[in-house]
Amino acid sequence: MYCGFFYVYTMLTIQFIRDHRETIVNRLKIKKFDQPDIIAAILDRDDERRSLQVETNRLQAELNRLSKEIGILFQKGEKEKAVDLKHQSSAIKEQVEQFERRFQETSEELNELLVQVPNVPHLSVPEGNTENDNRLIREGGKMPDLPGNSLTHWELGAKYDLIDFELGVKITGGGFPVFKGKGARLQRALISWFLERNTAAGYLEIQPPLLVNEASGFGTGQLPDKEGQMYHVTSDNLYLIPTAEVPVTNLYRDTILQAEDLPVKNTAYTPCFRREAGSYGKDVRGLNRVHQFDKVEIVQIQHPSRSYDALEEMVDHVEQLVIALNLPYRIMQLCGGDLGFTSALTFDFEVYAAAQNKWLEVSSVSNFESYQANRLKLRFREPGEKKPLLAHTLNGSALALPRIVAALLENNQTPEGILIPEVLHPYTGFTQI
C-alpha cells in the first residue's frame with residue numbers, strides 16, 4: 001500500500017537534523033515547508049548552545065580547582081593569597097552565571113525554531129497542494145440507487161425528528177446539533193459497536209479526560225500548530241480535546257516501556273471539540289462539519305521496525321468497519337500539501353453520501369513515527385540495553401460519527417423509512433426508522 005537543561009518539543013532531534021540536513025530540507029518541501037533558513041538557524045543555535053556548555057564546564061572545573069586551592073591556603077595560614085583567589089573565584093562565578101543565562105536563552109530560541117518544523121513525510125507521500133491531489137488507494141462498496149426525490153440527512157433528521165440543528169443554535173450556537181430519539185440511539189449504537197469491534201481486535205478501552213493541559217497539547221503536536229482550532233478554558237489554561245488521540249497518547253508521556261510491552265493498543269470513545277474557524281457554506285451544512293462530535297479512536301505505541309506493518313493493520317481494521325456498515329468508500333493517501341503537521345503518512349477514509357452526491361471523510365489513519373514520541377519523551381528499552389529508544393506512535397478514527405450517520409441516513413432511505421445496517425440491530429433495538 002505504500003512503497004537536559006531544557007525540554008525540547010520536536011520529533012526532529014538535533015542529531016537527526018545534523019545527519020540528514022539536506023534530505024530534511026528537500027522532503028519538507030513536499031509538505032510546503034520550504035524554509036531552509038529555519039533549519040540553518042536551528043543548527044546555529046545548537047552550535048552556540050554547545051559552545052556555551054563547553055565553556056561553562058571549563059569554568060566550573062576552574063572553580064572547583066580554585067576552591068580546593070583556597071582551602072589548602074587557609075589551612076596553611078596563607079590568608080592573603082586565599083583572599084586573592086576568592087576574588088578570582090567570584091569573577092568566574094559571575095561569568096558562569098552569564099553563560100548559564102545565555103544557555104537558557106539559546107535553548108528557548110532553539111525550541112521556538114524547532115516547534116515550527118513539521119514531521120518529515122514518508123518517501124511514498126506524493127507531491128500535491130490540496131485534497132484534490134490525494135492518491136486513490138482503493139475503493140469498495142456498492143453505490144446506492146436513490147430516487148430523484150431523495151432527502152439529505154439534515155432533511156431526514158427533521159422529517160423523522162432525529163437531529164435538531166436549531167435547538168443546538170439556541171443552546172450553544174451553530175455546529176452543535178442535538179440528537180433526539182432514534183437519532184440519539186443510533187449514535188449510541190455506533191459507539192458501542194465500534195468499541196466492541198476495537199476491543200475484539202486487541203485494543204484496551206480507555207475512558208480519558210475531555211480536558212488536557214498545555215503539555216499534553218504540545219506532546220501530540222496540537223500546540224502550537226492547531227491552537228486556533230482548540231477551545232481554550234482560559235481560567236485554568238486547559239484545552240477541550242479535538243480528538244481522543246491527545247489524552248490517550250499522553251498516558252505514556254515521560255514513560256520508558258520495555259520492548260516486550262510493545263505494541264500498546266488503546267481505544268477510546270470521546271466527544272471531540274473543534275472550533276473549525278472560518279468554516280461556512282454548503283460543504284459544512286448539517287453534520288458535514290460540526291464543532292462538537294462523537295468519535296471512537298484507536299492508538300498504538302509501536303516498535304519502529306513494526307510501525308508500518310501496524311499502520312496497514314489499522315487501515316485494514318477501519319476498512320472492515322466501513323464494509324460491515326455497507327457504505328461505499330474509498331481510501332486516499334494524503335499528498336504532501338494535505339498531510340498533517342505531525343504525520344509522516346496518512347490514509348483518509350471517505351464514504352459516499354448519496355443524497356448530497358458527496359464524499360465525506362470519516363477517518364484518518366496516521367503514522368507519526370517518532371515525532372510525537374520525542375515530544376512526549378515516550379521511549380522503550382531493548383532487552384539487555386541501557387539506552388532507551390524513541391517509540392513510534394500511530395492513531396486512527398474507528399470511526400468519527402457525524403458523517404457516518406449522515407451517510408447511513410442518506411444511503412438507506414426508502415419510501416417506508418430508513419433501514420439500519422444489520423450489524424447494528426442488536427445495539428439499536430430497531431431495524432428501521
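Visitor: How many bridges join β6 to strand β7, and do the two run parallel or antiparallel?

Guide: In general, strands of a sheet pair through backbone hydrogen bonds, either parallel or antiparallel. In this predicted model, β6 and β7 (residues 238-240) run antiparallel and are joined by 2 bridges; within β7, L238 is the bridge partner of V233.

Visitor: What is the strand order of the open sheet?

Guide: The open sheet of 3 strands follows the order β5-β7-β6, with antiparallel pairing. Its edge strands are β5 (211-213) and β6 (232-233), each of which pairs on one side only.

Visitor: What span should helix α3 have at 1.5 Å a residue, and how far apart are its end C-alpha atoms?

Guide: The expected span is 1.5 Å times one less than the number of residues, so for α3, with 41 residues (36-76), it comes to 60 Å, and the end C-alpha atoms are indeed 60 Å apart. The residue that follows α3 is G77, which has a positive phi, near 85°.

Visitor: Which residues of α10 are buried?

Guide: Taking buried to mean under 20% relative accessible area, the buried residues of α10 include Y308, L311, M314, V318 and L321, and also H317 and E319. For the 18 residues of this helix (307-324) the expected span is 26 Å, which agrees with end C-alpha atoms 26 Å apart. Just after α10, N326 adopts a positive phi of about 60°.

Visitor: How many disulfides does a search of the whole structure find?

Guide: A disulfide is a covalent bond between the sulfur atoms of two cysteines. The search of the whole structure finds 0 disulfides. As for individual cysteines, C272 is buried, with a relative accessible area of 0%, and C335 is buried with a relative accessible area of 0%.

Methods. Residues numbered from 1 in each chain as written. Predicted model: local features only at pLDDT ≥ 70, side-chain atom pairs only at ≥ 80, totals over all residues. Heavy atoms only, no water. Disulfide = S-S within 2.5 Å. Buried < 20%, exposed > 50% of the residue type's maximum accessible area, 1.4 Å probe, protein only. Helix = DSSP H or I, 4+ residues; strand = E, 2+ residues; numbered from the N terminus. Pairing = 2+ DSSP bridges.
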